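Me: Please take a close look at one part of this model, and set out carefully how its residues are placed and which partners they have. I would like one connected account rather than a list.

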Amino acid sequence: MRIKKTPGEIWQEYETGVAYKQSIGSRGLYETVRQNENFFIGNQWEGVNAPDLDKPVINILKRVVSYFVSTLVSDDIGVNAEPFGGANTPEDKLFMKILSQQFESIFENCGMTAKNRDAVRDAAVDGDCCFYCWFDPEERDGAGNAGQVQVEAVENTRVYFGNPQVWEVQKQPYIIVSLRQLLSTVREEAEANGSPDAGSITADDDPNGVNREQESGKCTVLIKFWKEQGTVRYSKTTAGAVVKPETDLGYRLYPLAWFSWDKIKNAMHGQACLTGLIPNQIFVNKMFAMSMQHVKNMAFPKVAYNAAL
């Protein structure tokens, strides 16, 4: 399989991924995520044309999701390394102890407890969550040591699998992660990497973004990962320019972790906990709105009399 590496080819793969997300379900992934996010935060009457009707919000969905999240991440995650298939010598035990302590240090520096909570919340509300891990040589820990492992949560609307019918990350022919960055930042990065196309990078639109405000002066940057000759490589491009040329990371595995709330067969995206509960939430809100309207209409007794008497 030939790996597509030019900005135009990568952009075309990105647009194919966008079309797939737009075709999921009756609304498409982008609209589903936007609706779920609105219902989670309590914006549950958007688009309803009823100016004379009170619009109460009895947000049962947020309490349900918060309960699930607190149940799943109530305990911190720890790693205890043990030798596999070898003699458990004193040297092995010392090495495993050092390795376990290093894992604990990475989790502490990355703030994994808070990020795990955010990831589970994203999966429950949006359907999926994703972690992107990389090594930052410029970051320093509390002791001043240079180089730290960094972890970033990535929204499911920004991740595009080469084969979206398969949810396993390591089986993908390639993975694209889209970013929205300031035009000046992208140009500066391209110039620092010696890209001859830096001056041709222009701002573009993001009609599929969940948050569409403050989009002017930004452009879409695509990070593409693929495996070649046994290692993972990546590049950063825009629609028509190279921001960072092809780089060999030296990894054997993609630096991404993917989790779906409820898996759907033959699909990379799962179903969110909120999606099936939204009709219940709508009924609860309507019921309270009608009750309030009834109370307003019937709060005081109506006077009836016969004018002929």
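Reply: **A salt bridge and the strands around it**

E246 has a relative accessibility of 35% and therefore counts as partly exposed. Everything said here concerns a predicted model, in which the protein has an average pLDDT of 87 and 94% of the residues score at least 70. The confidence is not even along the chain, since the mean is lowest, at 83, in helix α4 (residues 90-110) and highest, at 96, in strand β3 (residues 159-161).

The partner of E246 is R233, and the closest N and O atoms of this salt bridge are 3.0 Å apart. Because E246 belongs to strand β7 (residues 242-248) and R233 to strand β6, the pair ties together parts of the chain that are 13 residues apart in sequence. The two ends of the bridge fall into separate accessibility classes, for R233 has a relative accessibility of 14% and counts as buried, whereas E246 is partly exposed. Nor does the pair stand alone, as K5, E228, R233 and E246 are linked in a network of salt bridges. In general terms, side chains of opposite charge can pair when their charged atoms come close.

From R233 the account leads to the strands themselves. Strand β6 (residues 231-237) runs antiparallel to β5, to which it is joined by seven bridges, and L222 has T237 of β6 standing opposite. Strand β5 (residues 218-228) has a second neighbour in strand β4 (residues 174-182), with which it pairs in the antiparallel sense over nine bridges; within that pairing, V177 has I223 of β5 as its bridge partner. Strand β5 is mostly covered, with eight of its eleven residues buried.

The connection between β5 and β6 is a hairpin with two residues in between, and Q229 in the turn has a positive phi. That angle is near 55°, in a residue that is not glycine. Most residues other than glycine have a negative phi. Q229 sits in the loop between β5 and β6, and its relative accessible area of 72% means that Q229 is exposed. A second positive phi in a residue other than glycine occurs at N266, where the value is near 60°. N266 is placed in the loop between β8 (256-260) and α7 (278-298), and with a relative accessible area of 62% N266 is likewise exposed.

N266 also opens a way to another part of the fold, for it is one of the residues touched by P164, together with Y20, A267 and M268, when residues up to four places away in sequence are not counted. P164 lies in the loop between β3 and β4, and a relative accessible area of 15% makes P164 buried. Its contact with Y20 spans much of the sequence but little space: the two residues are 144 residues apart in sequence, while their C-alpha atoms are 8.0 Å apart.

K21 belongs to helix α1 (residues 7-22) and, with the same allowance for sequence neighbours, touches G28, L29, Y30, N156, T157, V159, Y160, M268 and H269. What does this buried lysine have instead of a salt bridge? K21 is buried and has none, the nearest side chain of opposite charge being D128 at 6.8 Å, which is beyond the 4 Å within which a side-chain nitrogen and a carboxyl oxygen count as a salt bridge. A polar atom of the K21 side chain does, however, lie 2.7 Å from the backbone oxygen of V159.

To set the E246 and R233 pair in context, the structure holds 13 salt bridges. Among them is the one between E155 and R158, whose closest N and O atoms are 2.6 Å apart; E155 is partly exposed, with a relative accessible area of 36%. Another joins the side chains of D122 and R121 at 3.2 Å, N to O, and here D122, at 16% relative accessibility, counts as buried.

Definitions and conventions: Residues numbered from 1 in each chain as written. Predicted model: local features only at pLDDT ≥ 70, side-chain atom pairs only at ≥ 80, totals over all residues. Heavy atoms only, no water. pLDDT = per-residue confidence, 0-100. Helix = DSSP H or I, 4+ residues; strand = E, 2+ residues; numbered from the N terminus. Buried < 20%, exposed > 50% of the residue type's maximum accessible area, 1.4 Å probe, protein only. Pairing = 2+ DSSP bridges. Lys, Arg positive; Asp, Glu negative; His and termini not counted. Polar contact = N/O pair within 3.5 Å; in protein donor to acceptor, adjacent residues only side chain to side chain. Contact = heavy atoms within 4.5 Å.
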